Structure formats: C-alpha cells, structure tokens
Amino acid sequence: MRAGILRGAVMTLLLAIVLVPIYWMVAASFKSNKEITQDATLYPHAPSFDNYLHLFSQKQFGSYLTNSLVVTCVSVVLALVVGSLGAYAIARFHLKYRLERKVGLSLLTLRIVPPVVILIPVYLLMLDLKLLDSWLGLIITYTAFNITFCVWMMESFFREIPVDLEEAAMVDGDSRFNAFRRIALPLAAPGLAATAIFAVIVTFNEFLFALALTATPRAMTMPRGTATLIGRIDTDWASMSAAGVIGALPIVIFALLVQRHLVRGLTLGAVK
Amino acid sequence: VSEAAKLEGRFKRRERLQGAGFDLALPYLLLAPCVLIVLAVLVYPLWDGLRASTMLYRYGKPVAAVGFDNYLQLWSDPQFLNSLWVTVRFVFFSVAIETVLGLALALFCLREFRGIRLLRTILIVPMVITPVVVAIVFRLIYASDAGMFTAFSESMGGGEVQILGDPTKAFIGLVALDVWEWTPLMFLILLAGLQTLPQEPFEAARVDGAGPWRSFVDLTLPMLRPVLAIAIVLRTIDAFGTFDQVFVLTHGGPGEATKLVSIYGYDTSFKFQQTGYAAALFVTIGLIILAFALAAVRMLRRAGPA
C-alpha cells in the first residue's frame, strides 16, 4: 500500500516535470504580449487565436510548413530507397576485398562524425552549385545524412531475415533481384517503417544546416522560420510561443501515433 | 564441425546465392547510388573542409595557404579553449545526471504497474519535440519578464527571477534543459536493457538473503554494463555537438558562460567570416569525438559480453 502511494507520487511528479513547461508555452500562445510580460498570469484570461493567425498572415508560416513537409518527405523517401538497396548488398553479398564490409564501416564512421564538422564545406559546396536557399540544396544534404542512418538500420533488419527464404525463391526461378524485391523487402517492412519514422523526426527537426543553407521564406523550414522570431532585445513572446506550438505539434502527434517503433531508431539500433 | 569450417560453409552459400551473369553485377549496382551520394555530399565536403582548414580567409575568400597554422592557433586562442572547457563541463554534467536519473527511473518502472504506459508515452514527448522549440519552452520558463519562475514568484509576492543574465545560473539552466530533453532516452534504453536481464541470478541472490542494494551492486550493474556503456557513449557524442538549443536559449551568453564549441565555430565562420579557422576548429572537434568513440568501442570490445 505504501509502495503504491510512493509510486503515485513519483508518477505525478514526473508528469508535472514533463508537462508543466509545455503547458506554459501553450498557455502563452493564447495570451497577448501584455498579459505575458506585465500581468504574468498563470493561465490565459482572455484566450484568443490571434497569435496563430498573425503567424500565417504576417510571418509566412504557411511557406515554412510547406517547405518542411516537401524537404522532409522527399529526402526521407530517397534515402530509404537508396539506403535499403545498399544495406541489402552489405547484408547479403560477399564481394572482393570484403568491399561491402568496408563500405558499411565507412558509412558507420561517417554517422559518428557530428554533422557540424562538415557544415562549412557543405555551405561552400551549395554556394558553388547555386543551391543556397533552395529546396534542392536541403534535400540533397538531408538525403545524404539519412542514407548513412538508413543503411545502418536496414542492414541489421535484413540480417535478421533467414537467407533460406530467398534461396528457395531463386530455386523456384526468381532472379536475384526479384528474390530481394518479393521476399526480403516485404519481410523487412517493419524495419523500413521504424527507419522512416526516425528519419522523418530528425529531418523535420533539423536546424543547423537549415540555418546555414536558407535565408528567405522560399526555402526556410519550420525550425529555421521559428528562429527568425527570436530577437536579441525585444522578444515577441506571444508569436514565439505560438510558433513553438505549431512547430512542435506535427512531429509530436506523428511520434505519439508511431511510438512503438521509435526506441530502436533513437538508440541507433543499439538496443532492440 | 569446427568454427572455421562453419564460416567457410557460410561464405560458399553466400557465393552460391550471388548467382551468375547479370546477377554478379547486382551488388555493385545496389551499392552504387548510396556510395555515390555519400561520396559527393559527405566525403567530398569532408576533404574540402580539410583543405579549407589550411587556408587563411579574408571576408569569406581564401587568400593564402598557411599549412597547419590554423590548428596551432586554436590552442593559444583563449576563446576556443574556454568554449572547449564549457562544452566538456556541459557534456559531463548533462550525461552524468541523465544516466543516474534514467537508471533510477528504469529501475522504478521495471515492474509493470498501472500508468506505466501513460508514463512511457509522455516521456517520448521531450525528445521528439524540435530542439529549437525545446529552447523556446525553456526561455519562456527562465525569462525575467515573461518567465514561469517569475510568474510563480510574483504570485507568491516575490520579485523577478533572473536566470539567463547570470553566468552560473544560465549554465545550470542549459544543463537542466538537456536533462529534461534527454533523460527519457536514457530511461528507455536502460529499461530495455534491464528487461533483457535473466531472472535466475536475482532469485538465487534473494534466496541467499541479499538485500535489494546488494543485488543492485553485485548483479544489476555488472550485467547492465554493456547497455549502460553504449547509452553513455551515444549520449556523450550527441551532447558534444549540441547547437540548436544554445543558439536559441542564450546564444552562448551571458558573456561566454554557455558558449559551446559549436556556437563559437558557427560565429567564427558565419559572423566573422574566418572560414579557414572555423574549418580547422570543426575538424579538431570531429577528431576529438572520433577518438573518443574509437576508445569507447575498444574498451567495450575488451570488456566483452559481461
């Protein structure tokens, strides 16, 4: 009985620590700037959607949202296709000089290097290619980052599928590629889903490269657009909190819908 | 059958699987697109970054080759050394607190009880929210005019609470943000690890009269060590590259109290246009992290499956 009460108390405390900060931002997004800074109310006394309307009518949040969706979807799909093919080759084939192993290890090493290390050269590359401030520049960059992750994840999923199934399909007359397409790929579908989910979250949330590579609402993504509201001296708290809510909402809903598949991606496949 | 023969049998089987004719080219065709993209977008920039790091830039244009001067200059640059020290402290405190809290929480949640699914769902939220938004959430807590702390303090008759204006408090505030955001990840990894531990040793220990503390120290910790180590290494590497949250929360201030290397490097490059120097800085950071990762992997291998 006492253990039960202790558990309840700890649970309540944890939920409060996670939720109260988020509540504070959501509440602020329904307040006016005057109510936020001068009255310091604990809940919105005259709730209104003005802050949200303002973001879409005055601050181009519609464009940011479109840019984010396009860039995220295209780069994740591209990386999944290209990455799964590569991962399959690494998991199943035995090449000269153990080439497939070397490729796999190099991709993993690249994965460990934090992206910030190549920020400057990628910026210079996009400057040369005249791809700064464009969807394409972001898509190319994010696809490459996602590929290293997809290969690593999908390789482990393909390895879990017994080879015998593909062998049987080939004995029955399938070509090597068809054995992959008809047998291995469908069996790896849950892995594909887990990989896609994680890649979507990371790509949607990416800020550093969006900051360096985009400059106008033409290509700015949601996090990048939100950061434009952050002034050094006068802070527009009302707009900022509304932007925070809009920026986080799509990805939080998405993550909660697919939470079962999340953990493996977050831990880079370290724990299954 | 000996291990070697078994291994050879597996290779033979793999070779048979590869087929003949067009199928022989297949693995190369499968690998080509991902290798080409990675070479063009990740490896080439990496090499280009190395080249840029040996150049002197003026107003964003290379003007002279200076060899390793940029690298040498880093180690006598007080701002770089300070940012490195801030980063090391930030990583150390964040990861240490997250590990202890995450482990405690995982042990607490090990036995199924009502509400645990709700708790796991809610705990996912901090780590999937856009980091920029996490920083906004915490600015709204810390701000002296609009902040939650100030609001609570005023509703109880106190005055404004200053956090981001004070070097020590701002640093603690940044660590608190990181702990809020990433303790759930530690918790999820460690919980998954705990759930795979065998039950028998614990039962045997209980029969022998060992208390919960003894069985934690003698059984749980040693058996959990591989998972614990992986979780700490992953978090450390990730925390070392932290940028978004600091950029929005404090941009390194007040003074240089929260200026992580990533922020210093970004400013050096994009604000002050010292591209070559910043490239050298980022290469150095990359090497530090890679060395750490390799050392960790080697240590894990030597320890073997505990």
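These are my notebook entries on charge, exposure and aromatic contacts in a predicted model.

**Entry 1: positive patch.** I looked for positive charge on the surface and found a patch formed by Arg101(A), Arg298(B), Arg301(B) and Arg302(B). I then asked which element gives the largest share of this patch. Helix α13 of chain B, residues 275-303, supplies three residues. I checked Arg302(B), which is found in that helix; its relative accessibility is 70%, so I recorded Arg302(B) as exposed.

**Entry 2: Leu19(A).** I located Leu19(A) in helix α1 of chain A, which covers residues 2-29. Its relative accessible area is 37%, and I noted Leu19(A) as partly exposed. From Leu19(A) to Met222(A) I read 23 Å between the C-alpha atoms, with the two positions 203 residues apart in sequence.

**Entry 3: aromatic pairs.** I counted 24 aromatic pairs over all chains. One of them joins Tyr88(A) and Phe158(A): the ring centres are 5.2 Å apart and the planes stand at 80 degrees, so I listed the pair as edge-to-face. Tyr88(A) belongs to helix α4 (residues 61-92) and Phe158(A) to helix α7 (residues 135-160) of chain A, so the contact ties together parts 70 residues apart in sequence. Are these two residues buried or exposed? Tyr88(A) is buried at 1% relative accessibility, and Phe158(A) is buried at 0%.

In chain B, I looked up Phe68(B) and Tyr71(B), a tilted pair with 5.9 Å from centre to centre and 55 degrees between the planes. Phe68(B) is exposed at 61%, whereas Tyr71(B) is buried at 15%.

**Entry 4: aromatic cluster.** Finally, I noted one aromatic cluster formed by Tyr123(A), Phe207(A), Phe243(B), Phe247(B), Tyr266(B) and Phe270(B).

Technical notes. Residues numbered from 1 in each chain as written. Chains lettered and ligands numbered in written order. Predicted model: local features only at pLDDT ≥ 70, side-chain atom pairs only at ≥ 80, totals over all residues. Heavy atoms only, no water. Patch = residues over 30% accessible without salt bridge, like charges linked within 9 Å, V, L, I, M, F, W, Y side chains within 5 Å. Areas by Shrake-Rupley, 256 points an atom, 1.4 Å probe, with all protein chains shown as cover. Salt bridge = Lys/Arg side-chain N within 4 Å of Asp/Glu carboxyl O. Lys, Arg positive; Asp, Glu negative; His and termini not counted. Charge placed at Lys NZ, Arg CZ, Asp CG, Glu CD. Helix = DSSP H or I, 4+ residues; strand = E, 2+ residues; numbered from the N terminus. Buried < 20%, exposed > 50% of the residue type's maximum accessible area, 1.4 Å probe, protein only. Phe/Tyr/Trp six-rings, centres within 6.5 Å; stacked < 30°, edge-to-face > 60°.
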